[in-house]
Amino acid sequence: MPNNPVGFCGLSSKPADYGAASIVVLPIPFDKTSTWMKGADKGPAAIIEASRYLEYYDIETESEVLNKGIFTAQPIRAASSEILIKKTDSAVSRYLEDNKFVVALGGEHSVSIGVIQSYVKQYKDLSILHLDAHADSRDSYEGSRYNHACVIARAREYTKNIVSVGIRSMDVSERSTMDRKRMFFAHEIYDSETWIPKAVRLLSDNVYVTIDVDVFDPGIMPSTGTPEPGGLGWYQVMKLLRAVSKAKQIVGFDVVELCPSNAKASNFLAAKLVYTLLSYIFADKPHNR
């Protein structure tokens, strides 16, 4: 991205705009460990570009979260996962010290590790809401502990309070570390909403949300590197997120694994997801860190 680009929602992202912004959108275009289709490094730019075409009035919350100020930071790039984690931790920690609400845009799912690392230092009681098609809890995959298939295993080193939703693919080796009561498999929840309050109750007061877009059914989200049939619908995901935002304090979130294609609707879905979740968070419980 060029210096002083047009950022999320088409807003100016000049350095002078940073101070007045409540929200920082942080692009992390990293795609070193993806194991099938490549291209997630193009995801952040695609989301930001699609966000220019959003309607900024949110009907459900009767608000325009755009007015809180959204600053789009320069992308974080790195040659390896280890370097990326250090750079991301440093950047996000600085934004949190400045009382900004951070939205990280991936990139493959491993980009979440550095973000989560910075949040657990800020919030000692942090829990994680993990929306995904995959368990992502292998200790190591293809020789790396920082593979996108290992993000939840790394997150468990910081907090055991992780609630996973929409899972429909996992390796047998992941069963031994699974907390069954915190795992909401897609085949168990697809035709019911009674699970939502159960999931919300398991979370602590401060919640970080990590959203792999393959949690959605590939019928509405085909543009992802590892699609899985049987995913969740838009309103299932949004009802969960609204319930969490009303009952808890969502302190940050990421949206990852968009692998842009000619299906521009996927890019727009991801941008709408970011904007709608921000609308929930700031309408239900205005950010007051």
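Two strands are said to pair if DSSP finds at least two bridges between them. In this predicted model, an open sheet of 8 strands with parallel pairing follows the order β2-β1-β3-β8-β7-β4-β5-β6. Its edges are formed by β2 (70-72) and β6 (183-185), each of which pairs on one side only, and neighbouring strands are turned against each other by 15° on average, direction ignored.

The table lists some of the strand pairs, each of them parallel.

| Strand pair | Sense | Bridges |
|---|---|---|
| β5 and β6 | parallel | 3 bridges |
| β4 and β7 | parallel | 5 bridges |
| β7 and β8 | parallel | 7 bridges |

Within the pair of β5 and β6, Ser164 has Met183 of β6 as its bridge partner.

Strand β7 is mostly covered, with 7 of its 7 residues buried. On one side lie Asn206, Tyr208, Thr210 and Asp212, and on the other Val207, Val209 and Ile211, and all of these residues are buried, so that both faces of the strand are covered. In a regular strand the side chains alternate between the two faces of the sheet. Tyr208 of β7 stands opposite Ile128, and its bridge partner in β8 is Gly252. From β7 the chain crosses through α7 to β8, and this β-α-β crossover is right-handed.

Two helices can be placed against the strands. Helix α1 (residues 43-51) lies across β1 (23-28), β2, β3 (101-106) and β8 (249-256), and runs at about 120° to β3. Helix α7 (residues 234-247) packs on the sheet, where it touches β4 (127-131), β5, β7 (206-212) and β8, and its direction makes about 170° with that of β4.

Note on methods
Residues numbered from 1 in each chain as written. Predicted model: local features only at pLDDT ≥ 70, side-chain atom pairs only at ≥ 80, totals over all residues. Heavy atoms only, no water. Helix = DSSP H or I, 4+ residues; strand = E, 2+ residues; numbered from the N terminus. Axes fitted to C-alpha atoms, helices over the stretch in contact; angles between N-to-C directions. Contact = heavy atoms within 4.5 Å. Buried < 20%, exposed > 50% of the residue type's maximum accessible area, 1.4 Å probe, protein only. Right-handed = clockwise from strand over helix to strand, strands pointing away.
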